[in-house]
Amino acid sequence: MIYQTPGILIYTIAVTALIGLCMGSFLNCLVWRRTNGESVLAGRSHCTTCNHVLGPLDLIPVVSWVALRGRCRHCGAHVSVRYLLVEVLTAVIYVSIVLGFDLTVEAVAMLFLASILICITLTDLDDSTIPDGFIVAGVVGALVFAAAPAIIDDSSMLALLLAWGGALACGLSVSLPLFVLSLIMDRVLKRDSLGGGDIKLFFMIGMYFSWQVNLFTLIVSCVLGIAFSVIWFKGRLETGRQFPFGPAIAAATWVSMLVGPAWIGWYTGLF
Ligand SMILES: [Zn+2]
């Protein structure tokens, strides 16, 4: 639908980018509040240094940060460039999803999943944790989106249960073998091998895709994980902190969203 005329296409990209910037700003705030133990829903945004409540002019994504050159208007404290980067990255991810999936229910599902993965990437980078709350939100979302076709077609209860069973089976397709493998590795290595949070993350993501795409995501996340760990350990080997695998899994899922089905079509066409 969005490819009908250049006008519609440009308009859709512009609106999606704007929504992406605002969502990026919201996700930044969500993660900051979770990390610092503040209520996610209550309270107004404030400077993290001087606690001054921020006005509308301080809260425009990207524009505020650039206009104030990354400083608080009231106390001059430095505001991390990370906020800016997350806003821009969210907009880029949102636009890529809408270009790939058009204006469909599937696109909404992918936007929802991507938003959760952005939060998980940030919390995993911050303190090597993947909060269960984000996993639960993702699982609930997957069940809702899996039920969507059955609800739209007004089909039977059986069709709904089958859709949910299918989503759960896809979730387990990669996470269950990984879980068994991690149990064996723990025995052999006599220490924790793969983080439990990563396995739960694979389960949640798996519910949104076919088992073939999930396998593709796993392979890509291993490749990206190795690449990220090289960068990660270059400067921080001495801290001994556990390497956060979440960002690699999230990035691999983005790759899968955009090229996964095409790649699998090519691969199965070989035989
Ligand atoms: Zn301030």
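Let's begin with a definition: a residue is buried under 20% relative accessible area, exposed over 50%, and partly exposed in between. Keep in mind that this is a predicted model.

**Exercise 1. Work out whether Ile 184 is buried, partly exposed or exposed, and find where it sits.**

Step 1: Look up the value. Ile 184 has a relative accessibility of 48%, so it counts as partly exposed.

Step 2: Place it in the fold. Ile 184 belongs to helix 6, which covers residues 157-189.

Step 3: Look at its company. Ile 184 is one of the residues in a nonpolar surface patch, whose members also include Leu 172, Phe 179, Met 185 and Leu 189. Together, the patch residues have about 890 Å² of accessible area.

**Exercise 2. Describe the zinc site: which atoms hold the ion, and what is the geometry?**

Step 1: List the donors. The zinc ion is coordinated by the SG atoms of Cys 47, Cys 50, Cys 72 and Cys 75, at 2.2 to 2.3 Å.

Step 2: Check the angles. Four donors count as tetrahedral if all angles lie between 85 and 135 degrees. Here the angles among the four donor atoms run from 104 to 119°, and the site is tetrahedral.

Step 3: Write the spacing. Along the sequence, the donor residues follow the pattern C-x2-C-x21-C-x2-C.

Step 4: Sort two of the donors by accessibility. Cys 47 is buried because its relative accessibility is 8%. Cys 50 comes out at 31%, so this one is partly exposed.

**Exercise 3. Find out what surrounds Leu 117.**

Step 1: Locate it. Leu 117 is part of helix 4, residues 105-127.

Step 2: Judge its exposure. The relative accessible area of Leu 117 is 4%, so it is buried.

Step 3: Name the contacts. Setting aside neighbours within four places in sequence, Leu 117 touches Leu 201, Met 204, Ile 205, Ala 250 and Thr 253.

Step 4: Try a distance. From C-alpha to C-alpha, Leu 117 and Ala 142 are 13 Å apart in space, with their positions 25 residues apart in sequence.

**Exercise 4. Go through salt bridges of this structure and say which parts of the chain they link.**

Step 1: Get the total. There are four salt bridges in the structure. We'll take three pairs in turn.

Step 2: Start with Arg 34 and Asp 127. Their side chains meet in a salt bridge at 3.8 Å, N to O. Arg 34 is in helix 1 (residues 6-35) and Asp 127 is in helix 4, so the pair ties together parts 93 residues apart in sequence. With 31% relative accessibility, Arg 34 is partly exposed, and Asp 127, at 33%, is partly exposed too.

Step 3: Move on to Arg 73 and Asp 58. The closest N and O atoms of this salt bridge are 2.7 Å apart. Arg 73 sits in the loop between helix 2 (63-67) and helix 3 (81-101), while Asp 58 sits in the loop between helix 1 and helix 2, and the two are 15 residues apart. Arg 73 is partly exposed, at 43%, whereas Asp 58 is buried, at 15%.

Step 4: Finish with Lys 200 and Asp 132. In this salt bridge, the closest N and O atoms are 2.7 Å apart. Lys 200 lies in helix 7 (residues 196-206) and Asp 132 in helix 5 (residues 132-152), so we can say that the pair links distant parts of the chain, 68 residues apart. Lys 200 is partly exposed, at 37%, and Asp 132 is partly exposed, at 45%.

Notes
Residues numbered from 1 in each chain as written. Predicted model: local features only at pLDDT ≥ 70, side-chain atom pairs only at ≥ 80, totals over all residues. Heavy atoms only, no water. Patch = residues over 30% accessible without salt bridge, like charges linked within 9 Å, V, L, I, M, F, W, Y side chains within 5 Å. Areas by Shrake-Rupley, 256 points an atom, 1.4 Å probe, with all protein chains shown as cover. Helix = DSSP H or I, 4+ residues; strand = E, 2+ residues; numbered from the N terminus. Buried < 20%, exposed > 50% of the residue type's maximum accessible area, 1.4 Å probe, protein only. Donors = N, O, S within 2.8 Å, 3.2 Å for Na, K, Ca; no water. Tetrahedral: all angles 85-135°; square planar, octahedral: opposite > 155°, others 65-115°. Contact = heavy atoms within 4.5 Å.
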